[in-house]
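Biologist: Hi! Could you walk me through this structure in plain words?
Modeller: Happy to, let's look at it together.

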2 protein chains.
Amino acid sequence: MLSQTEENYLKALFYLTSENADKSEAGTNELAATLNVKPATANDMLKKLKEKKLVNYERYGKISLTNSGKKQAIDIVRKHRLWETFLYEKLEFTWDEVHEVAEQLEHIHSPKLIEKLEKFLNYPEFDPHGDAIPNAKGELKVQARKTLSEMAVGKTCKLIAVKDNSASFLQYVMKVGLGLSSKIKVISRQDFDGTLEIEVNGKKSVVSQKFADNLFVV
Amino acid sequence: MLSQTEENYLKALFYLTSENADKSEAGTNELAATLNVKPATANDMLKKLKEKKLVNYERYGKISLTNSGKKQAIDIVRKHRLWETFLYEKLEFTWDEVHEVAEQLEHIHSPKLIEKLEKFLNYPEFDPHGDAIPNAKGELKVQARKTLSEMAVGKTCKLIAVKDNSASFLQYVMKVGLGLSSKIKVISRQDFDGTLEIEVNGKKSVVSQKFADNLFVV
DNA sequence: ATATTTTGTTAGGTTAATCTAACTTTATAT
DNA sequence: ATATAAAGTTAGATTAACCTAACAAAATAT
């Protein structure tokens, strides 16, 4: 069984090697920085994980996860996202509070627990951040949810959910004339700070990137 | 912040020093045996916990928890029992499955999580084993509960809790056909060793005093 | 009252995960 | 094309939690 530390290295490698489609390998320093350890420490662990056949690694070479390593990493991500969903849906944590606690909960070892938790949550597809939750086989059937801030200028989209549930944010959302299923047209974007000009039911508004980050759209 | 290991030592000491009213101190070997470590290991840890003012300890002397140590121990017990309740009530774990997973969950550090979990469970008073759950202030209303071994021959009683929650004991309990709220009739007692003949749902069994000592009834 | 057993302690060693400092290899820039 | 910078590695220490083996103190049994 893997230690929490080993699990964290696998998870970090998973994220580093799947940030973009074009990137599937990572470096020692990069990994070390992600985990807030020194490169020497990461280097030791890489040797250990190579020994356990969880990473592909050669001296001075790039690092990637083996199939086995990837499988384990995805399982940790799955646990993390299910716990985040639990905290958000059942315990009324706000979306920005869930991550920290899930970082701990993801290391609980009990397949039965995760199976039952997933059932209890009614097999959710997305976590509170809009990221897709892998199923028990490690398959990701859906894409992560898009936020308004990712929409191209000129496109029209539909609001399907909000990330933040705070009163202040929701009041702001209403003030802009938005509700679930509202059609939103992106009129322009400021490259400098991501500020958007949008149109909802014929009403134009200017909103910050931070605001747009909190709206899930299709 | 305490490590999981330190927390486990405090918890073990809490149980060892509060098993009976007459016993409020424990020994090194006893503690080591409880935690499945060697006495030398426990001895090292005792020095460390003394340094942190969590235990009262002098060379060759008996061990007890300080107020601070006791407070922390109770908090771990509280978390353990709340998690057991969650697993049992919400995730449909059976009462003999909850302990093992709660042993992991009790070490999650997040006051907010426990606060919200307790609220979600509607401030339960007892865990699935019938043990009282300390409140956020560490207060525990201990009620004098009879054990099956104290019941008079011919009387019928109801199982409300178990004292021991090791897997082997719990499996034995189930084998005899017992569950929470089971009606138990005491048919006979051997004066020599306290062995009891009991009847549960029409099924007769012979159980040891040690076994009966671990069942709380009303 | 003393020998024996039980209990507790110490010294010294191991492993996992971390560090610093020095070194080597690879990449970059002129 | 080679000097410099960046990235990666190694060696040697440290800390927490564990171990074994040897020893010391306390309890017990005759």
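**The sheet, the DNA and the chain contact**

Modeller: Let's begin with chain B, where an open sheet of 6 strands has the order β3-β8-β4-β5-β6-β7, with antiparallel pairing. Strands here are DSSP runs (E, at least two residues) and helices are DSSP runs too (H or I, at least four residues), numbered from the N terminus. Two strands pair if DSSP finds at least two bridges between them. This is a predicted model, in which local features need pLDDT of at least 70 and side-chain atom pairs count only at pLDDT 80 or more, while totals for chains, interfaces and linings use all residues. Residues are numbered from 1 along each chain as its sequence is written, chains are lettered from A and ligands numbered from 1 in the order in which they are written, and side-chain values use heavy atoms, leaving out hydrogens and water.

Biologist: Which are the edge strands?
Modeller: They are β3 (146–147) and β7 (203–207) of chain B, and each pairs on one side only.

Biologist: And how many bridges join β3(B) to β8?
Modeller: There are 2 bridges, and β3(B) and β8 (residues 215–217) of chain B run antiparallel. Within that pair, Lys146(B) stands opposite Val217(B).

Biologist: Let's switch to the DNA. Which residues are closest to strand D?
Modeller: The closest are Asn43(A), Lys47(A), Tyr57(A), Thr41(B) and Lys48(B), out of 22 residues that surround DNA strand D. A residue is near a strand if one of its heavy atoms lies within 4 Å of it.

Biologist: What part of strand D do the protein atoms meet, sugar or phosphate, or bases?
Modeller: Of the strand D atoms within 4 Å of the protein, 78% belong to sugar or phosphate, and the rest belong to bases. For example, a polar side-chain atom of Arg59(A) lies 2.7 Å from a phosphate oxygen of DNA strand D. On the base side, an N or O atom in the side chain of Asp44(B) is 3.3 Å from a base nitrogen of this strand.

Biologist: Which element gives the largest share of that surface?
Modeller: That is α3(B), with 5 residues.

Biologist: What about strand C, which residues come nearest?
Modeller: Thr41(A), Lys48(A), Asn43(B), Lys47(B) and Tyr57(B) come nearest, of the 23 residues around DNA strand C. The side chain of Thr41(A) has an N or O atom 2.5 Å from a phosphate oxygen of strand C, and a polar side-chain atom of Asn43(B) lies 2.3 Å from a phosphate oxygen of strand C. Here the largest share of the surface, 5 residues, comes from α3(A).

Biologist: New topic: how many residues does each chain put into the contact?
Modeller: Chain B gives 21 residues and chain A gives 21 residues, where contact means heavy atoms within 4.5 Å. The area buried between the two chains is about 1,700 Å², with carbon and sulfur atoms giving 69% of it. Buried area is the accessible area (1.4 Å probe) that two parts lose on being put together, summed over both.

Biologist: Which three residues of chain B supply the most?
Modeller: Leu91(B), Gln104(B) and Lys116(B) supply 27% of the area that chain B buries against chain A, more than any other three residues.

Biologist: How many salt bridges cross that interface?
Modeller: The rule finds 2 salt bridges between chain B and chain A, a salt bridge being a side-chain nitrogen of Lys or Arg within 4 Å of a carboxyl oxygen of Asp or Glu. The side chains of Lys112(B) and Glu97(A) meet in a salt bridge, at 2.7 Å from N to O.

Terms used. A polar contact is a pair of N or O atoms within 3.5 Å; within protein, one must be able to donate a hydrogen and the other to accept it, and residues adjacent in sequence count only if both atoms are side-chain atoms.
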